[in-house]
Amino acid sequence: RFLRENMKNFIKITFLSLVSLILFSGCFEETAADATENFFYSVKEGNVEDYHKYSTESTQDIMNISFAKCTKDLSDCMKDSFQKFTKFKVVDSLEIDPTTTVVTVEEYTTDGKIIREKIYVSKIEEQWKVNLNLRSFYSR
């Protein structure tokens with residue numbers, strides 16, 4: 001009898017856990033703002049895998065232009081290019097359509113300045129990615 005009661009409790013707990021997981025999994029979907037912040041920190045920390053995850057191919061092409069003079073590996077080039085920044089903070093997010101959002105980021109520098117920048121973020125295959133173009137990149 002003791003074993004039967006424990007088995008019933010185990011099944012109940014397992015069932016409730018699965019139901020909770022299914023219900024709450026949609027609540028934690030990554031947003032365009034999350035992806036933007038993750039992109040900036042991936043570059044600052046030299047995390048190449050996350051940099052690729054959170055950026056479009058055009059963004060990577062544009063960033064590679066800025067890394068062209070760097071003779072180090074990509075991770076070190078990314079760290080060097082963002083060493084003047086101490087942190088990044090998303091302060092606004094405006095959905096243009098279901099696959100495009102403009103995210104406003106504050107970039108805090110080591111000399112105390114705060115740079116405000118609008119970043120286009122695109123949803124590609126259910127993943128939000130920073131989508132820079134040449135005009136936005138060179139106006140920084």
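# Asking why, one label at a time

This predicted model holds one disulfide.

Q: What makes the pair Cys-70 and Cys-77 a disulfide?
A: Their sulfur atoms sit 2.0 Å from each other. The cut-off for a disulfide is within 2.5 Å, so the pair Cys-70 and Cys-77, at 2.0 Å, qualifies. The link is left-handed, with -95° about the S-S bond.

Q: Is Cys-77 called buried or exposed, and why?
A: Buried, because its relative accessible area is 5% and buried means under 20%.

Q: Why does Cys-70 get the label partly exposed?
A: Cys-70 has a relative accessible area of 26%. Partly exposed lies between the 20% and 50% limits, so 26% puts Cys-70 in that class.

Q: And what about Ser-58: why is that residue partly exposed?
A: Here the relative accessible area is 31%, and the label covers values between 20% and 50%, so Ser-58 fits. You'll find Ser-58 in helix H4, which covers residues 57-66.

Q: How do you know that the side chains of Ser-58 and Asn-131 make a polar contact?
A: The two side chains come to 3.1 Å. A polar contact needs a pair of N or O atoms within 3.5 Å, one able to donate a hydrogen and the other to accept it, so the 3.1 Å pair passes. Leaving aside residues up to four places away in sequence, Ser-58 touches Asn-131 and Leu-132. The C-alpha atoms of Ser-58 and Val-130 are 9.4 Å apart, although 72 residues separate them along the chain.

Q: What makes the span of helix H2 close to the expected one?
A: Helix H2 (residues 32-45) has 14 residues and reaches 20 Å from first to last C-alpha. The expected span is 1.5 Å times one less than the number of residues, and for H2 that comes to 20 Å, so the two agree closely. Buried residues in H2 include Phe-39, Phe-40 and Val-43. Just after H2, Gly-46 takes a positive phi of about 70°.

Q: How do you know that S1 and S2 pair?
A: They share ten bridges, in the antiparallel sense. Pairing takes at least two bridges, so S1 and S2 count as paired. In one spot, Leu-94 stands opposite Val-102 in S2.

Q: Why are S1 and S4 said to stand at the edges?
A: The open sheet has four strands in the order S1-S2-S3-S4, with antiparallel pairing. S1 (85-97) and S4 (127-130) each have a single partner strand, so one side of each lacks a neighbour in the sheet. On average, neighbouring strands are turned by 30° against each other, direction ignored.

Conventions:
Residues numbered from 1 in each chain as written. Predicted model: local features only at pLDDT ≥ 70, side-chain atom pairs only at ≥ 80, totals over all residues. Heavy atoms only, no water. Helix = DSSP H or I, 4+ residues; strand = E, 2+ residues; numbered from the N terminus. Buried < 20%, exposed > 50% of the residue type's maximum accessible area, 1.4 Å probe, protein only. Contact = heavy atoms within 4.5 Å. Axes fitted to C-alpha atoms, helices over the stretch in contact; angles between N-to-C directions.
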